[in-house]
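Here are some short exercises to work through at your own pace. Try each task with the model open, then compare your steps with the solution.

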Amino acid sequence: MKPGDRAVISPWVLHHQRKRWRAPDVFDPQRFLPSAPVVDRFTYPPFGVEPRVYIGAHFALTGATLVLAELVHSFRIELMTTQPVPPVAVVTTQPDHAPPFRLQRR
């Protein structure tokens, strides 16, 4: 690189490196359990890395976990289409279209 060049570090690319992850395109929350192999901190930086780590990272993870747990506890969630929902990498990851869901209170 030359002075003045810009570098982009894409979490999307880091999170999908085949050299670092077994089946990187598979949704596998078990890879983050305490019993799972330790992941290098530069391999999965969803909130950045020191010294520029997001100050609210723990709060955000706790809040997201509580909200998701309440939704799953309170509702049966069913995807209403067979159309795949591939992710699109922009600043944050989002689906390529708004998939329809049905929520039924448990």
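**Exercise 1. What is the volume of the second largest pocket, and which residues are closest to its centre?**

Solution. Keep in mind that this is a predicted model.
- Step 1: the volume of the second largest pocket is about 600 Å³.
- Step 2: 21 residues line this pocket, and those closest to its centre are Tyr44, Pro45, Pro46, Phe47 and Leu61.
- Step 3: sorted by character, the lining of the second largest pocket holds 15 nonpolar, 3 polar and 3 charged residues.

**Exercise 2. Describe the largest pocket and find which element gives the largest share of its lining.**

Solution.
- Step 1: the space in the largest pocket comes to about 1200 Å³.
- Step 2: its lining is made of 24 residues, and Trp12, His15, Phe27, Tyr44 and Thr93 lie nearest the centre.
- Step 3: both α1 and α2 supply at least two residues each to this lining, and the largest share, 4 residues, belongs to α2.
- Step 4: by character, the lining of the largest pocket has 15 nonpolar, 6 polar and 3 charged residues.

**Exercise 3. How many aromatic pairs does a search of the whole structure find? Decide how to describe the pair of Trp21 and Phe32.**

Solution.
- Step 1: the search finds 4 aromatic pairs.
- Step 2: in the pair of Trp21 and Phe32, the ring centres are 5.9 Å apart and the planes stand at 55 degrees. Stacked would need under 30 degrees and edge-to-face over 60, so this pair is tilted.
- Step 3: Trp21 and Phe32 are 11 residues apart, and both sit in the loop between α1 (11–15) and α2 (57–74).
- Step 4: buried means under 20% relative accessible area, so Trp21, at 8%, is buried. Phe32 is partly exposed, at 43%.
- Step 5: Trp21 and Phe32 also form one aromatic cluster with Tyr44.

**Exercise 4. Is the pair of Phe47 and Tyr54 stacked or tilted?**

Solution.
- Step 1: the ring centres of Phe47 and Tyr54 lie 5.8 Å apart, with their planes at 25 degrees.
- Step 2: the limit for stacked is under 30 degrees, so the pair is stacked.
- Step 3: Phe47 is partly exposed, at 25% relative accessibility, and Tyr54 is partly exposed too, at 47%.

**Exercise 5. Where does Thr43 lie, and what does it touch?**

Solution.
- Step 1: Thr43 is found in the loop between α1 and α2.
- Step 2: with a relative accessibility of 3%, Thr43 counts as buried.
- Step 3: setting aside residues up to four places away in sequence, Thr43 touches Leu14, His15, Arg20 and Trp21.
- Step 4: the side chains of Thr43 and Arg20 are also joined by a polar contact of 3.0 Å.

**Exercise 6. Build a picture of the surroundings of Arg76.**

Solution.
- Step 1: Arg76 belongs to strand β1 (residues 75–79), and its relative accessible area of 41% makes it partly exposed.
- Step 2: apart from neighbours within four places in sequence, Arg76 is in contact with Arg102, Leu103, Gln104 and Arg106.
- Step 3: one of these, Gln104, has its side chain joined to that of Arg76 by a polar contact of 2.6 Å.
- Step 4: try another residue, Gln94, which is 18 residues from Arg76 along the chain; the C-alpha atoms of Arg76 and Gln94 are separated by 22 Å.

Technical notes: Residues are numbered from 1 along each chain as its sequence is written. This is a predicted model: local features need pLDDT of at least 70, side-chain atom pairs count only at pLDDT 80 or more; totals for chains, interfaces and linings use all residues. Side-chain values use heavy atoms; hydrogens and water are left out. Rings of Phe, Tyr and Trp (its six-membered ring) pair if their centres lie within 6.5 Å; planes under 30 degrees apart count as stacked, over 60 as edge-to-face and the rest as tilted. Buried means under 20% relative accessible area, exposed over 50%, partly exposed in between (1.4 Å probe, protein chains only). On a 1 Å grid over the protein atoms alone, a cavity is a set of points where a 1.4 Å probe fits but cannot get out, and a pocket is an open set with protein on both sides within 12 Å along at least five of seven lines; lining residues have an atom within 4 Å of a point. Grid points are joined across faces, edges and corners, and a volume is the space filled by probe spheres set on the points. Ala, Val, Leu, Ile, Met, Phe, Trp, Tyr, Cys and Pro count as nonpolar, Asp, Glu, Lys and Arg as charged, and the others, Gly among them, as polar. Contact means heavy atoms within 4.5 Å. A polar contact is a pair of N or O atoms within 3.5 Å; within protein, one must be able to donate a hydrogen and the other to accept it, and residues adjacent in sequence count only if both atoms are side-chain atoms.
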